[in-house]
Amino acid sequence: MLRASGLAVRYGRRAALSGVDLAVGPGEWVALLGPNGSGKSTLLFALLGLVPHWGRVELFGRPLAAYTSWERGRLLAYLPQNGPVPEGMRVREVVALGRLPHQGLFGRWRGEDEEALGFALRATETEGLADRFLETLSGGERQRVALARALAARPRFLLLDEPTNHLDLDHQARLLGLLRRLADEGVGVISVFHDPNHARAADRVVLLEAGRVRAEGPLRALVDEILALYPGAEAWETPRGPVVLPGWGRR
Amino acid sequence: MPKRTWVWLGLFALLPLALLLGLSVGAVPLGLSQVLAGLAERAPVVYEIRLPRVLGAALVGAALGLSGAAYQGLFKNPLADPYLMGTASGAAFGVAVALLLEGDLSPAYAHWIGADGGLFVPAFAFVGALFAVTLAVVLAGGVGRTRELILAGVVVGSVLTGLTTYLMLRDADRVRAVFAYTLGNLAFVGWPEVQRLSLYLAVSLPVLWGMARVLNAVQLGEGVARTLGLPLDLLKFALIATATLATAGAVAEAGIIGFVGLVVPHALRRIGGGDYRFLLPASALGGAVLLVLADTLARVLVRPAELPVGVVTTLLGGPFFLYLLWRMRASG
């Protein structure tokens, strides 16, 4: 269980998060939604211990700070939004870096590392790219490689900042399917989405507004809250549930 | 065979060739057999003058290539060089202060040119370089924030350069001595210098190479590197301290030699890729080859006089960057 309570983060004078409670269990997929600047990425940073914060973050009942950085790296994996593209590195080398928390600084590459690498490449359908240089890939391919790097650690919790970025519709669908499968296999998933529709396959949505939790629940139940938060959006009822789309000023 | 293997084979083949070339070229040109005989018999020209000089060039070049690669990796900037954190201006300032303290300049100059292997000026240069980097790290509020570190390095560099200029302007002899130092010169490298340089490299090469994975992870962004388990503040401190040791040592013994630490990692990254497990040791070897060749050129270009080797590397580095620019424009 990854649990945060009373979480607060300040950037200078600005409160980026205040009094946020969140709990995600193994096998559960929580989607974070909210307008730009509502604190979604900051919440991920705080859960990962990347920013100074008030409040408690606990992982399996122990404070996060009580774990070594290596233990944390084995349990939590992070996919940043728009990470840099390292020059002159091959896909295989980048994904292999995901094994660092298991290897440490001087450990050798072992059979289990190779297995995890293969799993990550297969899951993200990047095996065919393994020997390519990262700078020769398309935006969507790079995004899948970045996800493969996060998966290679075989973490208990995955924290993903806009994982559908740069992906075409088909690859968005595959990614959402992959996250669903991982959750069903017991991985806890926390993912930030810009497009509320991407939260469809998640178990639960947490809606952030100005650094606080505005509402929480299944996507279906939150449509009105979402429309209130995004004034330009409109909801369409479809046979397979509600869909939220950008309007163009006619609502 | 993978490209990196070819790079290794090439560098390992080039280094002994460059060293032999450096040994045979000079005021008295020697053939290969004469060089080998000179080494075997410990003949003064070969063994006391040329051998420490070419070895010194190799060690200084290796230190600059190595620390250049480390800084480029740490700052995720292919244009970072070993002097980014203020080492060069700190060392020049140290030299200016050393000459000031010696007071009587003509003997001081003689002392500096170090026919006796004097430690006074190199020690000041070394301390000056360490002082500049320490000051930059303190001003940046620790090693945590990379952008602040670069800015602080630039600030410290320009202030120290200003102070050095002020000290130099106090008399003409001093201008000459400090200016000669800033051009970089291997002419005064003897066995004691080679010993000290070997020591710096023996420490910095294994330590930095051991941290190659850290540099690889940093390329994914510092946030990701931390979530991969790396105690990054500690590791960044160790990286900066070690790269600074290598640079300060090189600068203290041979003055400020530009472009080696910038061009070598840059070129090797283009050929063999950006994996630092390859790039760090290859840049050390490549820097050694390049500086031995550059110093050989410095000795023959204006024979019977010599050019400071820093002038040669700068003259070689400029066109190399023009070539890169041209390549970038050609590929759109």
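In this predicted model, strand β3 (residues 29-33) of chain A runs parallel to strand β8 (residues 188-192) of chain A, and 4 bridges hold the pairing together on paper. One of the matched positions is easy to find: A:Leu32 has A:Val192 in β8(A) as its bridge partner. Helix α1(A) packs on the sheet to which these strands belong, with contacts to β3, β6, β7 (157-161), β8 and β9 (204-209) of chain A, and its direction makes about 150° with that of β7(A).

The whole of that sheet can now be traced. It is an open sheet of 6 strands in chain A, and a walk across it passes through β6-β7-β8-β3-β9-β10. The pairing in this sheet is mixed. Its edge strands are β6 and β10 (212-217) of chain A, each of which pairs on one side only. From one strand to its neighbour the turn is 15° on average, with direction ignored. A further helix, α7 (residues 169-184) of chain A, lies across β3, β7 and β8 of chain A and runs at about 150° to β8(A).

Chain A also holds an open sheet of 4 strands, in the order β2-β1-β4-β5, and here the pairing is antiparallel. At its edges stand β2 (14-24) and β5 (62-63) of chain A; each has a single partner strand, so one side of each is left without a neighbour in the sheet. For β5(A), that partnership can be followed in detail: strand β4 (residues 54-59) of chain A is joined to β5(A) by 2 bridges, and the two run antiparallel. Within this pair, A:Glu58 finds its bridge partner in A:Pro63 of β5(A).

Helix α1 appears in this part of the chain as well. Spanning residues 40-48 of chain A, α1 lies across β1 (2-11), β2 and β4 of chain A, at about 115° to β1(A). The helix thus touches strands of the 4-stranded sheet, in addition to packing on the sheet that contains β7(A).

Attention turns finally to the meeting of the two chains. Chain A brings 23 residues to the contact and chain B brings 21. On the side of chain A that touches chain B, the elements giving two or more residues are α2 (69-75), β6 (76-79) and α4 (100-103) of chain A. The most comes from α2(A), with 4 residues. Sorted by class, this side of chain A has 15 nonpolar residues, along with 4 polar and 4 charged ones. Strand β6 of chain A therefore has two roles to look for in the structure: an edge strand of the 6-stranded sheet and a contributor to the contact with chain B.

Notes:
Residues numbered from 1 in each chain as written. Chains lettered and ligands numbered in written order. Predicted model: local features only at pLDDT ≥ 70, side-chain atom pairs only at ≥ 80, totals over all residues. Pairing = 2+ DSSP bridges. Contact = placed C-beta atoms within 7 Å. Axes fitted to C-alpha atoms, helices over the stretch in contact; angles between N-to-C directions. Nonpolar A, V, L, I, M, F, W, Y, C, P; charged D, E, K, R; others polar.
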